[in-house]
Amino acid sequence: MAFFTHQFCRGFSSSAVRKVVVKHVTIIGGGQMGAGIAQVAASTGHSVTLVDTNEATLKKSVKGIEGSLKRVVKKKFADKPEAGEEFIQKVLQNVSTSADAAAAAQSSDLVLEAIVENLKIKQDLFGWLDKAAPAHTIFASNTSSLPISDIASSTSRLDRFGGLHFFNPVPMMKLVEVIATPTTSQETFDSLLNFSKALGKTPVSCKDTPGFIVNRLLVPYLLEAIRLHERGHGSKEDIDIAMKLGAGYPMGPFELADYVGLDTVKFIIDGWCAMEPNNPLFAQSEYLNKLVAEGKWGKKTGEGFYKHK
């Protein structure tokens, strides 16, 4: 995702090193994840600017947020339709859209990116926004696999940079992984924790290690299930049934991998393998690589380990 490269001047002061109460948040990226975070933030009284360079994406995002809110209202305001409609309009009033990330950042307490998982693009984005945002503004990435420290290295606000990893679908999933790098200040970390709680989420504290907590455990589990099948030690169906009935998981590993996206699983494991090539947990899977090369990425493409209608 490319952004315009206007240059802005920003002054620094010691007042930046304080606990920031997040009231205005700018979310970069109007995809499903960005829109979901925007909805939750707006629903909890935050002023939100959703940014994307594609106007069609922004319109689709706002329409998706409205549709999601209508589903919420059906349950939450089943007996009070007028109150439900009022709730929807109030939330939507908290959301504005923009194609100008730098302008949006100038009035933000928090800038959170939810764009493509590409380190260079994220670094370029934050390096540019670092010149536009006020000194107190906290930067955060929603990355699921890239090191937060590497993303932050393009900025001069290493103490005001952290990770906020939400889970999809954001309105339903309660967890947020809050990631601190070795240079993240305690004030910044506390602000990110408090923001997560203000959204009604349950935050967990993470270090800036590959996959943080959830993906660090989940992705090797998915890969080991694939290797188990590759070795001929179990069919996909039997492995899925075994984990659902034996471990109480709602989905088996092959079902879950199809839901997450085989391209996403491969992207994550490729990055980890490059960082730690001798770690057996990060070893490649020929079967996974073959499916991804054939464009069989799971539910999103209609076929992965299973065929989907």
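## A tour from salt bridges to core

Start by selecting Lys290, Glu294, Lys296 and Glu303: these residues are joined in a network of salt bridges. Keep in mind as you go that this is a predicted model. The count of salt bridges comes to 13, and a few more of them are worth a stop.

**Helix H11.** Select residues 262-275 to bring up helix H11, then show the side chains of Asp270 and Lys266, which lie four residues apart, about one turn of the helix. They meet in a salt bridge at 2.9 Å, N to O. Residues three or four places apart on an α-helix point the same way, because there are 3.6 residues a turn. Colour the pair by accessibility: Asp270 is partly exposed, with a relative accessible area of 26%, while Lys266 counts as buried at 18%.

**Between H9 and H10.** Next, pick Lys244 and Glu255, whose side chains form a salt bridge of 3.2 Å, N to O. Lys244 belongs to helix H9 (residues 236-246) and Glu255 to helix H10, so this pair ties together parts 11 residues apart in sequence. Lys244 is partly exposed, with 27% relative accessible area, and Glu255 is partly exposed too, with 26%.

Stay with helix H10 (residues 253-260) and move to Val260. At 32% relative accessibility, Val260 counts as partly exposed. Add Met251 and Tyr259 to your selection, and you have a nonpolar patch on the surface, with about 240 Å² of accessible area together.

**A buried lysine.** Now go to Glu117 and Lys122, a salt bridge whose closest N and O atoms are 3.3 Å apart. Is Lys122 buried or exposed? At 1% relative accessibility, Lys122 counts as buried.

**The cores.** Select Leu110, Leu164 and Phe166, the residues with the most contacts inside the largest nonpolar core, which has 39 residues. Helix H1 gives the most to this core, with seven residues. Centre on Leu110 and show what it touches; among its contacts are Val22, Val25, Ile138, Leu164 and Phe195. A second, separate core of 23 residues includes Val51, Ala105, Leu125 and Leu129.

**Helix H1.** Finish with residues 32-43, where H1 reaches 16 Å from its first C-alpha to its last, close to the 16 Å expected. Of its 12 residues, 10 are buried, so H1 is largely enclosed by the rest of the structure. Including Met33, Ile37, Gln39 and Val40, the buried set is easy to pick out by number. Just past H1, look at Gly45, which takes a positive phi of about 90°.

Notes. Residues numbered from 1 in each chain as written. Predicted model: local features only at pLDDT ≥ 70, side-chain atom pairs only at ≥ 80, totals over all residues. Heavy atoms only, no water. Helix = DSSP H or I, 4+ residues; strand = E, 2+ residues; numbered from the N terminus. Expected span 1.5 Å × (residues − 1). Buried < 20%, exposed > 50% of the residue type's maximum accessible area, 1.4 Å probe, protein only. Patch = residues over 30% accessible without salt bridge, like charges linked within 9 Å, V, L, I, M, F, W, Y side chains within 5 Å. Areas by Shrake-Rupley, 256 points an atom, 1.4 Å probe, with all protein chains shown as cover. Salt bridge = Lys/Arg side-chain N within 4 Å of Asp/Glu carboxyl O. Core = buried A, V, L, I, M, F, W, Y, C linked by side-chain atoms within 4.5 Å. Contact = heavy atoms within 4.5 Å.
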